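Here are my notes on this model, as numbered points. Please read them with the structure open.

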Amino acid sequence: MEVQKNIPAFIENDLDSKETLEFVDHVRHCDTCMEELSVEFLVLVGIKRLDSASAFNLNQELDDLIDYNEQRARQKRQTSFFIFIGALLAAIIGGYFLSGIFRK
Ligand SMILES: [Zn+2]
């Protein structure tokens, strides 16, 4: 399934912001995928940390990761929206000045 295929990419933070938001939205409502995400998170992250004491708050860390990725994806989308509005305004103002020049 699409969502479960994206789990490793989500954990590594490799999804784009649209995919991240879809992913987060899905796992929050789908127990099967959430379960699968927990397992893969434990395997991927837990293995890297076997020697460290911090290995055992992974469930909390997974929650944090989900929140963090969602937040970041939201901000990214907002930023590109403002860039779009900025470019649009620049084009309108630029066009206004240009048409003023040519009218003379
Ligand atoms: Zn699912």
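1. Start with the outward side of helix 3. K18, D25 and H29 are exposed there. The model is a predicted one, and the points below should be read with that in mind.

2. The opposite side of helix 3 is a different matter. T20, F23, V24 and V27 are buried. Seen down the helix axis, these buried residues fall within an arc of 95°, so they line one face of the helix. An α-helix has 3.6 residues a turn, so residues three or four places apart point the same way.

3. The geometry of helix 3 is close to expectation. The helix has 13 residues and covers 19 Å from its first C-alpha to its last, against an expected 18 Å at 1.5 Å a residue.

4. Which residues make up the largest nonpolar core? There are 7: I7, F10, F23, V24, V27, L37 and F41. Helix 2, helix 3 and helix 4 each supply at least two of them. The largest share, 3 residues, comes from helix 3. In soluble globular proteins, nonpolar side chains tend to be buried together.

5. F23 deserves a look of its own. It is buried in helix 3 and is also a member of the core. Setting aside neighbours within four places in sequence, F23 is in contact with V3, N6, F10 and L15. Of these partners, F10 is listed in the core too.

6. Next, the loop between helix 2 (7-11) and helix 3 (17-29), where N13 is found. Its phi is near 65°, a positive value in a residue other than glycine. Most residues other than glycine have a negative phi. Is N13 buried or exposed? N13 is exposed, because 12 other C-beta atoms lie within 10 Å and the exposed class takes 12 or fewer.

7. Now the overall fold. The protein has 5 helices and 0 strands. Along the sequence the pattern reads α-α-α-α-α. The radius of gyration is 21 Å, well over the 13 Å that the globule rule gives for 104 residues, so the protein is more spread out than a compact globule. The C-alpha trace spans about 75 × 30 × 15 Å along its principal axes.

8. Burial and contacts for the whole chain come next. Of the 104 residues, 10% count as buried. Among contacts with a separation of 6 or more, 56% are between residues 24 or more positions apart.

9. Helix 5 covers residues 58-103, and L58 lies in it. How does L58 meet the rest of the chain? Not counting residues up to four places away in sequence, L58 touches F41, L42, V45 and G46. F41 is one of the core residues. L58 itself counts as partly exposed, with 16 C-beta neighbours inside 10 Å.

10. Two C-alpha separations are worth checking on screen. L58 and G100 are 42 residues apart along the chain, and their C-alpha atoms are separated by 62 Å. I47 and A91 are 44 residues apart along the chain, with 52 Å between their C-alpha atoms.

11. Last, I47, which is found in helix 4. Why does I47 count as exposed? Because 9 other C-beta atoms lie within 10 Å of its own, and the exposed class takes 12 or fewer.

Key: Residues are numbered from 1 along each chain as its sequence is written. This is a predicted model: local features need pLDDT of at least 70, side-chain atom pairs count only at pLDDT 80 or more; totals for chains, interfaces and linings use all residues. Helices (H or I, at least four residues) and strands (E, at least two) are DSSP runs, numbered from the N terminus. The radius of gyration is taken over C-alpha atoms; the globule rule is 2.2 Å times the number of residues to the power 0.38. A residue is buried if 20 or more other C-beta atoms lie within 10 Å of its own, exposed if 12 or fewer, and partly exposed in between; C-beta atoms are placed from the backbone. Two residues are in contact if their C-beta atoms, placed from the backbone, lie within 7 Å. The expected span of a helix is 1.5 Å times one less than its number of residues. The arc is that of the directions from the helix axis to the C-beta atoms. A nonpolar core is a set of buried Ala, Val, Leu, Ile, Met, Phe, Trp, Tyr and Cys residues joined through C-beta atoms within 7 Å.
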